[in-house]
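Reader: Please take a close look at a single part of this model, and follow its neighbourhood outward with some care about what the backbone and the side chains are doing there.

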Amino acid sequence: IYDIDELIRKLPLEERLYRLRCVEAWAMAVPWTGFPLKALIEAVEPLSSAKYVKMLSFFDPEQAPGQWDNPGWPWPYGEGLTMAEAANELTLLATGVYGRPLPKQHGAPLRLVVPWKYGYKSIKSIVRIEFVEEEPPTFWDTLQPGVYDFWANVDPAVPHPAWSQAT
């Protein structure tokens with residue numbers, strides 16, 4: 001177990017401009033500050049048996065009343081990547097946005113940014129990262145299997161079940 005704040009202070013920060021794409025067919029370019037997830041993996045040296053990275057967000061209905069409003073939902077919000085995706089040089093753990101520290105509404109203290117995936121994979125407010133052998137359940141795939149799948153790769157040639165991503 002590592003203190004995430006301590007690790008963040010030790011890792012080199014970079015600035016990157018990535019397009020964030022939503023399954024609801026909108027996109028925007030966002031300037032992020034952060035460090036490659038690959039750098040975290042190298043720093044913590046997970047076991048070779050780890051095949052996936054499991055990430056969990058905070059769960060505090062006092063601060064996030066929507067969590068109380070939806071008690072049947074699989075809180076805390078969870079997401080996952082394969083180790084290959086996590087180690088990709090483009091995968092970023094963001095600590096800032098628009099040249100400033102990441103505010104709570106954008107996912108402080110730590111947010112995942114994976115530019116080739118839909119935005120729901122960019123889990124906000126990460127408080128726990130685990131390296132696991134089995135594919136972790138993810139929030140939206142648990143709620144709506146087949147609509148918001150584990151992979152969530154942006155591919156304009158593959159339409160979302162509800163609408164086209166071609167434009």
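Author: Ser 125 has a relative accessible area of 8% in this predicted model, and because the cut-off for burial is under 20%, Ser 125 counts as buried. Ser 125 sits in the loop between β7 and β8 (126-132), and its phi is positive, about 50°, although the residue is not a glycine.

From Ser 125 the view passes to Pro 109, which touches Ser 125 as well as Ala 94, Thr 95, Leu 102 and Ile 126, when residues up to four places away in sequence are not counted. Pro 109 belongs to the loop between β6 (100-101) and β7 (111-113), and the peptide bond that leads into it from Ala 108 is cis, with omega near 5°. Whereas Ser 125 is buried, Pro 109 has 38% relative accessibility and counts as partly exposed. The C-alpha atom of Pro 109 is separated by 9.8 Å from that of Ile 8, although the two residues are 101 apart along the chain.

The two backbone features met so far, a cis peptide bond and a positive phi, can also be followed elsewhere in the model. A cis peptide bond joins Trp 75 and Pro 76, with omega at about -5°, and Pro 76 lies in the loop between α3 and β4. Ala 25, a residue other than glycine, has a positive phi near 75°; Ala 25 lies in the loop between β1 and β2 and, with a relative accessible area of 44%, is partly exposed. Trp 26 is found in the loop between β1 (14-21) and β2 (27-36), is partly exposed at 40% relative accessibility, and forms a nonpolar surface patch with Met 28 and Tyr 98, the accessible area of the three together being about 320 Å².

Trp 75, on one side of the cis bond to Pro 76, is also a member of an aromatic cluster that it forms with Trp 73, Tyr 77, Tyr 120, Phe 139, Trp 140 and Tyr 148. The structure holds 10 aromatic pairs, including the stacked pair of Tyr 77 and Phe 139, whose ring centres are 4.6 Å apart with 20° between the planes. Tyr 77 lies in the loop between α3 (66-69) and β4 (78-82) and Phe 139 in helix α5 (residues 139-143), so this pair ties together parts that are 62 residues apart in sequence. Tyr 77 counts as buried at 15% relative accessibility, and Phe 139 counts as buried at 3%.

Technical notes
Residues are numbered from 1 along each chain as its sequence is written. This is a predicted model: local features need pLDDT of at least 70, side-chain atom pairs count only at pLDDT 80 or more; totals for chains, interfaces and linings use all residues. Side-chain values use heavy atoms; hydrogens and water are left out. Rings of Phe, Tyr and Trp (its six-membered ring) pair if their centres lie within 6.5 Å; planes under 30 degrees apart count as stacked, over 60 as edge-to-face and the rest as tilted. Helices (H or I, at least four residues) and strands (E, at least two) are DSSP runs, numbered from the N terminus. Buried means under 20% relative accessible area, exposed over 50%, partly exposed in between (1.4 Å probe, protein chains only). Contact means heavy atoms within 4.5 Å. Patches are made of residues with over 30% relative accessible area and no salt bridge: like charges are joined within 9 Å, nonpolar side chains (Val, Leu, Ile, Met, Phe, Trp, Tyr) within 5 Å. Accessible areas come from the Shrake-Rupley method with a 1.4 Å probe; for residues, only the protein chains shown count as cover. A salt bridge is a side-chain nitrogen of Lys or Arg within 4 Å of a carboxyl oxygen of Asp or Glu.
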